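Reader: I am new to this structure. Please show it to me, and let me ask about the words used for it.

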Amino acid sequence: MKKTLVILAAGIGNRYGGAKQITPVGPCGEKIIDFSMYDAYKAGFEKIVFIIRKSLEADFREVIGDPVSEFMEVDYVFQEIDPEYAEKGRNKPFGTAEAIALCRGHVEGPFAVINADDYYGYHCYALIGDLLEQMDGEGEYCMIGYRIENTVTDKGSVARGVCRTENGMLCEINERTHIEKRGECAEYTEDGENWVPLSAGTPVSMNFWGFTPDIFDHLDEALEEFRKDELLKNPLKAECYLPNVVGKLLEEGKITVKVQECPDKWYGVTYKEDTPALVEALDRLTKEGRYPSPIWG
């Protein structure tokens, strides 16, 4: 079975202010996703599944999907805003758990998941590839973990899955949607008033997961509960987050998650103001010979 990478690229980019998935950041106009795909390709991945919005398809295929299709198999999954809730004023899909659930039938065997708008560093793809090769049972998942201090921006807040680990295994994960670089490291808030500190070295999830296909049944069940509870309470904003689904499955003892820490610094485009630092880092790595220029030339 082909080693498959699923890329979450259907986000609206509210904080960034546009379709950040196709914003040029590389020396030859490459997108941040190009560097992720190249790192995956070099680590032995053979197939990419893009999760995008239908309205982005033409541009996405032209500038991202078609060039990489010369090197890896490419597939597309479309995540849209539910029409019933769009009529009520909702402007985004139901979240990352729904996005991965839509991939049923598009992957075979263990697969990895990443965000389209994060540069994870090149070490992590070989790490997750090795973990995927070791996964041979249902409910045995894995995750690439990052140190919180390597994943925050001084341009605003970020969302991260804050983790507790023991002996390389995930014990608990909670999605914190408002984390800021504050004090000695970072802090998060749930209500905008009370802040909880996060010490340096705290492991966090950047949505870099490894799953076996049985995750789809778990996601379907979680989405059914989401529709009956959270969505009814907050129909315009509620989301079903992948880390929270994983966290609940952990609590119920239905799964295990092996965590592999990655030493690399994260770069992203959560905000437009993040872009210059990302451009500088990618230009430096290209000059050092880590990436060809152009990548798919």
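Author: What follows is a set of questions and answers on a predicted model.

Reader: What makes strand 2 enclosed?

Author: Its burial does. Buried means under 20% relative accessible area. In strand 2, residues 47–52, 6 of the 6 residues are buried, so the strand is largely enclosed by the rest of the structure.

Reader: Which residues of strand 2 point one way, and which the other way?

Author: Lys 47, Val 49 and Ile 51 point one way. Ile 48, Phe 50 and Ile 52 point the other way. All of them are buried.

Reader: How do you know that strand 1 and strand 2 pair?

Author: Count the bridges. A pair needs at least two. Strand 1, residues 4–8, shares 5 bridges with strand 2, so the two count as paired. Their sense is parallel. Thr 4, for one, has Lys 47 of strand 2 as its bridge partner.

Reader: What joins strand 2 to strand 3?

Author: 6 bridges do, and the two strands run parallel. Strand 3 covers residues 73–78. Its Val 74 stands opposite Ile 48.

Reader: Why is strand 11 called mostly covered?

Author: The cut-off for buried is under 20% relative accessible area. In strand 11, residues 203–211, 8 of the 9 residues are buried. That makes the strand mostly covered.

Reader: How do you know that strand 4 pairs with strand 11?

Author: Again, at least two bridges are needed. Strand 4, residues 111–115, is joined to strand 11 by 3 bridges, so the pair qualifies. The two run antiparallel. Ala 112 stands opposite Gly 210 of strand 11.

Reader: How many bridges link strand 6 and strand 7 to strand 11?

Author: Strand 6, residues 140–147, has 5 bridges to strand 11, in the antiparallel sense. Met 143 has Trp 209 of strand 11 as its bridge partner. Strand 7, residues 158–166, has 2 bridges to strand 11, also antiparallel. The rule asks for at least two bridges, so strand 7 and strand 11 count as a pair. Val 162 stands opposite Val 204 in strand 11.

Reader: What lines the second largest pocket?

Author: The space in this pocket is about 360 Å³. Its lining has 16 residues, and the closest to the centre are Ala 222, Glu 225, Asn 244, Val 245 and Lys 248. Helix 6 (215–228) and helix 8 (242–251) each supply at least two lining residues. Helix 6 gives the most, with 5 residues.

Reader: What is the lining of that pocket by class?

Author: It has 8 charged, 6 nonpolar and 2 polar residues.

Reader: What makes the link from Thr 96 to Leu 242 a polar contact?

Author: The distance comes first. The limit for N or O atoms is within 3.5 Å. A polar atom of the Thr 96 side chain lies 2.9 Å from the backbone nitrogen of Leu 242, so the pair falls within that limit. Thr 96 is placed in helix 4, residues 96–101. Leaving out residues up to four places away in sequence, Thr 96 touches Leu 8, Asn 207, Cys 240, Tyr 241, Leu 242 and Pro 243.

Reader: Where does Pro 110 lie, and which residues does Pro 110 touch?

Author: Pro 110 lies in the loop between helix 4 and strand 4. Touching means heavy atoms within 4.5 Å. Not counting residues up to four places away in sequence, Pro 110 touches Leu 132, Met 135, Phe 211, Thr 212 and Pro 213.

Definitions and conventions
Residues are numbered from 1 along each chain as its sequence is written. This is a predicted model: local features need pLDDT of at least 70, side-chain atom pairs count only at pLDDT 80 or more; totals for chains, interfaces and linings use all residues. Side-chain values use heavy atoms; hydrogens and water are left out. Buried means under 20% relative accessible area, exposed over 50%, partly exposed in between (1.4 Å probe, protein chains only). Helices (H or I, at least four residues) and strands (E, at least two) are DSSP runs, numbered from the N terminus. On a 1 Å grid over the protein atoms alone, a cavity is a set of points where a 1.4 Å probe fits but cannot get out, and a pocket is an open set with protein on both sides within 12 Å along at least five of seven lines; lining residues have an atom within 4 Å of a point. Grid points are joined across faces, edges and corners, and a volume is the space filled by probe spheres set on the points. Ala, Val, Leu, Ile, Met, Phe, Trp, Tyr, Cys and Pro count as nonpolar, Asp, Glu, Lys and Arg as charged, and the others, Gly among them, as polar. A polar contact is a pair of N or O atoms within 3.5 Å; within protein, one must be able to donate a hydrogen and the other to accept it, and residues adjacent in sequence count only if both atoms are side-chain atoms.
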